[in-house]
Amino acid sequence: QVQLVESGGGLVQPGGSLRLSCAASGSIFSLYVMSWYRQAPGKQRELVAVITSGGGTNYADSVKGRFTISRDNAKNTVYLQMNSLKPEDTAVYYCNGRRAAANLWGQGTQVTVSS
């Protein structure tokens with residue numbers, strides 16, 4: 001079974017950039033639909049970006065034009081490039097993988113945008 005491990009979070013100033021990574025163990029990673037979600041304190045978890053097995057992408061309106069999701073199937077890794085970060089982007093970011101009945105989550109990585 002695929003397991004997911006996120007990395008790349010941290011503290012960044014407004015306007016700065018971060019790149020999150022989600023490394024998957026196990027096989028057939030390329031067949032999974034991969035997503036990034038985030039959850040801010042006191043708020044529900046929300047979808048940030050999705051990338052299909054074929055490379056199609058979709059984004060939440062709040063991050064369009066600033067965030068880019070990508071995947072490298074040879075490395076079993078999905079990325080989230082985050083530019084022009086805002087304080088309201090502060091949250092725990094989670095990687096998610098879905099295929100058929102499988103719905104997998106990573107442990108999350110904290111992103112804090114503050115001066």
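The following questions and answers introduce a predicted model.

Residues are numbered from 1 along each chain as its sequence is written, and side-chain values use heavy atoms, with hydrogens and water left out. In this predicted model, local features need pLDDT of at least 70 and side-chain atom pairs count only at pLDDT 80 or more, while totals for chains, interfaces and linings use all residues.

Me: Which strand gives the most to the largest nonpolar core?
Reply: A nonpolar core is a set of buried (under 20% relative accessible area, 1.4 Å probe, protein chains only) Ala, Val, Leu, Ile, Met, Phe, Trp, Tyr and Cys residues joined through side-chain atoms within 4.5 Å. The largest one has 30 residues, and Met34, Trp36 and Val78 are among those with the most contacts inside it. Strands are DSSP runs of E with at least two residues, numbered from the N terminus. With 4 residues, the most is given by strand 3.

Me: Is Arg38 buried or exposed?
Reply: Arg38 lies in strand 4. Its side chain makes polar contacts (N or O atoms within 3.5 Å, one able to donate a hydrogen and the other to accept it; residues adjacent in sequence count only if both atoms are side-chain atoms) with the side chains of Asp89, at 2.9 Å, and Tyr93, also at 2.9 Å. Because its relative accessible area is 6%, Arg38 is buried.

Me: Which residue of strand 6 stands opposite Val50?
Reply: Strands pair if DSSP finds at least two bridges between them. Strand 5 and strand 6 run antiparallel, joined by 3 bridges. Opposite Val50 in strand 6 stands Asn58.

Note on methods:
Buried < 20%, exposed > 50% of the residue type's maximum accessible area, 1.4 Å probe, protein only.
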